[in-house]
Amino acid sequence: MEGSTAPKPVLNVEILQQRRSAQDKISIIDEVKKVIDSMPTLRTESFLPKDKLKTQVAEQIVHVKICEVDATSEIKHVETSSVEIEYYVYKLEHCGPGIEELEESEEEIPAATHWMLPALEFEDLWENLVYDEPIKEQLLRFVRTSLLFSKKGLKSSVITWNKVVLLHGPPGTGKTSLCKALAQKLSIRLNKQYKYAQILEINSHSLFSKWFSESGKLVQKMFTRITELVEDPETLVLLLIDEVESLTLARQSGQSTGDPGDAIRVVNAVLTQLDQIKKFPNVLILTTSNLSTSVDLAFVDRADIKQYIGPPSHAAIYQIYHTCIQELERTGIIVDNEKIFTLQELQVSNMIENDATKLSIFLWKISEMSQGFSGRVLRKIPFLAHALFASLDQMSHEQFLIAMQKAVLKEKQDRRDLQE
């Protein structure tokens, strides 16, 4: 339209406040804003140096994280004047996980594990998950649209959305971690809309093996508890159902025992309850599956997003290892002045080996050797390297990379031995 001005992209800035700080959020934001406005350019996925802030404010915060622009990971450097900046101030919950139990006769049955968010256990989890595709950014956009449609009151009879995410793929690829990281991120980004946030994790495999003979009775009790939570408009509720393929397995189990009717009643009870709670604007359903071909089709139809999470690629493995080495540098276990390049820096060098890049090229080769490992195993390799091949309090980059190479070779040999 003539005369209209396109809105600026949004840059997100997250400010972690000290747990015991009584400073009001507005004054913290004002001080951080003054500093950021004085900087001509900003780098995303970085931290604002605290020494730029006034001492009385710097003492009230843990860090200031400059995040992504408009849910995209592609922009790394931005001109401050070219973006609108959204500030989020938050504190971490330190209470740890709790257990939701249901009483049945004399027995208390664990129904779900829950965390108040944002939780200390999930801090930095989002940033440490590495994928080749912009999966995390797509999930944020999905949630933003889901909440917008709910807030605006769009008729679901005209446009259908269920606020259900299904992440599927082999074990160990970070599906459950991604769900928890997304819940953590939402609790921060939506804290202006919701005073409280929590995630409830239900292991559906355990649910059906324990409650199968009870038809839908205990399922109904569990969702009554969940409904009580989502009826509070100030609370954001993230429901995580792990191993959702157990819905199908429950039906099969019922058929094998000669009583398919009970199994179908249990599954239908879960699906019906999911349909009931989706009407609340403050709930999101996150699910995972290790066996995507076994997921109940009735559930698949309800999932708005069906995202495959596969084993990390060569490039993703390098980035995972790079973050591990950065942590070892931060804690003083790796102590020399050598530098391991980021993947982007290494690609700019065209992978040419010289004195500056030799250690980075070495890590690239170790990453190639590690293809086929799950993310869970990859993050264990640095521990195994130190424990088995470099048990020193401090060491050089080269010493540690040699130990990592040995740890990767041992892991591959151990796998071959198991297969044989």
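The following questions and answers concern helices, a strand pair and nonpolar cores of a predicted model.

This is a predicted model in which local features need pLDDT of at least 70 and side-chain atom pairs count only at pLDDT 80 or more, while totals for chains, interfaces and linings use all residues. Residues are numbered from 1 along each chain as its sequence is written, and side-chain values use heavy atoms, with hydrogens and water left out.

Reader: Is helix 4 largely enclosed or open, judging by how many of its 15 residues are buried?
Author: Helices are DSSP runs of H or I with at least four residues, numbered from the N terminus. Buried means under 20% relative accessible area with a 1.4 Å probe, protein chains only. In helix 4, 13 of the 15 residues are buried, so the rest of the structure leaves this helix largely enclosed.

Reader: Which residue of strand 11 is the bridge partner of I202?
Author: Strands are DSSP runs of E with at least two residues, and two strands pair if DSSP finds at least two bridges between them. Strand 10 (residues 196–203) pairs with strand 11 (residues 235–242) in the parallel sense over eight bridges. Within strand 11, the partner of I202 is I241.

Reader: Which residues touch the most other members of the largest nonpolar core?
Author: A nonpolar core is a set of buried Ala, Val, Leu, Ile, Met, Phe, Trp, Tyr and Cys residues joined through side-chain atoms within 4.5 Å. The largest has 33 residues, and those touching the most other members are Y318, Y321, L363, L401 and M404.

Notes:
Buried means under 20% relative accessible area, exposed over 50%, partly exposed in between (1.4 Å probe, protein chains only).
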